[in-house]
Amino acid sequence: MSEMSETPRAMHDIGGVPRFLCEGIDTEPHTLTEFDRTVDALRQILGGKKVMSVDELRRGIEAIPEAEYLRLSYYQRWIRSIADNLLARGVITEAELQAALARC
Amino acid sequence: MTALLEADSDHLLAAIRLLLAEKQIATDDEITLARERTDKASPAQGARMVARAWLDPAFRALMLEDGAKAADSLGIPMLGLPPLGVLENTETTHNLVVCTLCSCYPRGVLGYPPFWFKSVGYRARAIRDPAGVLAEWNTVLPAGTAIRVVDSTADYRWMVLPRRPAGTDGWDEARLASLVSAEDMIGVTVPALP
Amino acid sequence: MLEAGTAVRVRDDWPETRGPCHIRTPHYLRGHTGTVIRHLGNFRNPEDLAFARPAATLPLYHVAFAPNSIWPDAGAAELVVELFEPWLEPL
């Protein structure tokens, strides 16, 4: 029986999806890293200044190709989405980002 | 979609920070302040609310009616945060909170969401096999308990008001609060005496 | 406005097939029937906010579903989800 396997669900829309029902759950606490806390803070600042809403953040995460989405950590998805949204909104340009990557 | 997005995450963060600081959109000081503000929220806040609700029926009623207002009344800052819904566990019903689409979590009263709450395993399984999910924490509910799963899909954030454990007669609020964990307020565990 | 107790069907619609979108109605509910528990308030449509487009303010409801009507092997007694009005067809 195919159940939901034929619905055109978005890849992040994973509630009840058979493929993930065998996943264990790591119940251990994972300390947030400097990277995690910084990305989280950045998202809050951008939200507070109306530069990027939480809805735009989610959309950007959902646009990540599935293999990458599953590979990246939670906050790695966030920084990728933040970069995507800043580019899409014209807050930064590709040229600027390229140059900044070269400088860092 | 530009290949720039595929840059190493640490590298991407550094570049974004540099640009946003130069453009005065997000400075290092602002980042520090935001982190300090976030660090003030923790499960201890939610635990205070639960303990108060166990002791004070009027507060319990307020908490179930308007979670954010109840939190505010205890000095927990909720301004600008999403509405807070509170789900009461009873003798017959146990609540479990999940966000299958992402990781919506009642951060104002519980702090950062735990790793497991954001995980694919939790998000996929909670709505379909809640007993199996609870078993990951060795949580077994009394026979006949119905499990209600709440999927946070929109503007509300949800927390569970667990049942007060037996054997806590006469305990003060602080002692009661010490029993309550983030796991209890999401529903994967229940408070118990140590 | 949908009253508490109203039986509703979640539209069996798949915007995902028509281009980039941001949908907060989980796939597992599409085409399924539930019961309105209560009106949660009115909020701006995330489907438009996600693209920085003007967003209408819409009623949001808490709607209850029977999980074993969705998955025969379901273990929960009830599944409750926040859904925006345009996704709900009163029966």
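**Chat about chain C and its partners**

Colleague: Where do I start with chain C? Which share of its contacts joins residues at least 24 apart?
Modeller: Counting contacts in chain C between residues at least 6 apart in sequence, 58% join residues at least 24 apart. Bear in mind that this is a predicted model.

Colleague: What is chain C made of?
Modeller: Chain C has 1 helix and 5 strands. Along the sequence they come in the order β-β-α-β-β-β.

Colleague: How do the strands pair up? Start with β1 of chain C.
Modeller: Strand β1(C), residues 7-10, runs antiparallel to β2(C), residues 33-44, and 3 bridges join them. Within that pairing, C:Arg9 has C:Thr33 as its bridge partner.

Colleague: And which way does β3 of chain C run against β2(C), parallel or antiparallel?
Modeller: Antiparallel: 8 bridges join β2(C) to β3(C), which covers residues 57-65. C:Thr35 is opposite C:Ala64 there.

Colleague: What about the overall dimensions of chain C?
Modeller: The C-alpha trace spans about 40 × 30 × 20 Å along its principal axes. Chain C has a radius of gyration of 14 Å, which agrees with the value near 12 Å for a compact globule of 91 residues.

Colleague: How much of chain C is buried?
Modeller: Buried residues are 35% of the 91 in chain C.

Colleague: Switching to the contact with chain B. How many residues does each chain put in?
Modeller: Chain C puts in 17 residues and chain B 20 residues. On the chain C side, β2 and β4 (78-84) each supply at least two residues. β4(C) gives the most, with 6 residues.

Colleague: What's the chemistry on that side of chain C?
Modeller: The side of chain C that touches chain B has 12 nonpolar, 2 polar and 3 charged residues.

Colleague: Which strand of chain B is joined to β4(C)?
Modeller: β3(B), residues 146-151, is joined to β4(C) by 4 bridges, and the two run parallel. B:Val149 stands opposite C:Leu79.

Colleague: Does B:Val149 turn up anywhere else, or which residues touch the most other members of the largest nonpolar core?
Modeller: B:Val149 is one of them, along with B:Val50 and B:Met159, in a core of 68 residues. Helix α3(B), residues 43-55, gives the most to this core, with 6 residues.

Colleague: What is B:Val50 in contact with?
Modeller: Leaving aside neighbours within four places in sequence, B:Val50 is in contact with B:Leu161, B:Pro162, B:Ala177, B:Val180 and B:Met185. Another core, of 28 residues, lies apart from the largest one, and its members include A:Leu57, A:Ala63, A:Leu97 and B:Leu20.

Colleague: Now chains A and B. How many residues does that contact take?
Modeller: It takes 43 residues from chain B and 48 residues from chain A. On the chain B side, α1 (9-22), α2 (28-39) and α7 (120-125) give two or more residues each. α1(B) has the largest share, 10 residues.

Colleague: And by class, what does that side of chain B have?
Modeller: The side of chain B that touches chain A has 26 nonpolar, 7 polar and 10 charged residues.

Colleague: Tell me about α1(B). Which of its residues are buried?
Modeller: B:Leu12, B:Leu13, B:Ala15, B:Ile16, B:Arg17, B:Leu19 and B:Leu20. What covers them includes α1 (34-48), α4 (74-88) and α5 (94-103) of chain A.

Colleague: How far does α1(B) reach from its first C-alpha to its last?
Modeller: With 14 residues, α1(B) reaches 20 Å, close to the 20 Å expected at 1.5 Å a residue. B:Gln24, with a positive phi near 60°, follows α1(B).

Terms used
Residues numbered from 1 in each chain as written. Chains lettered and ligands numbered in written order. Predicted model: local features only at pLDDT ≥ 70, side-chain atom pairs only at ≥ 80, totals over all residues. Pairing = 2+ DSSP bridges. Contact = placed C-beta atoms within 7 Å. Nonpolar A, V, L, I, M, F, W, Y, C, P; charged D, E, K, R; others polar. Core = buried A, V, L, I, M, F, W, Y, C linked by C-beta atoms within 7 Å. Buried ≥ 20, exposed ≤ 12 C-beta atoms within 10 Å, placed from the backbone. Expected span 1.5 Å × (residues − 1). Rg over C-alpha atoms; globule rule 2.2 N^0.38 Å.
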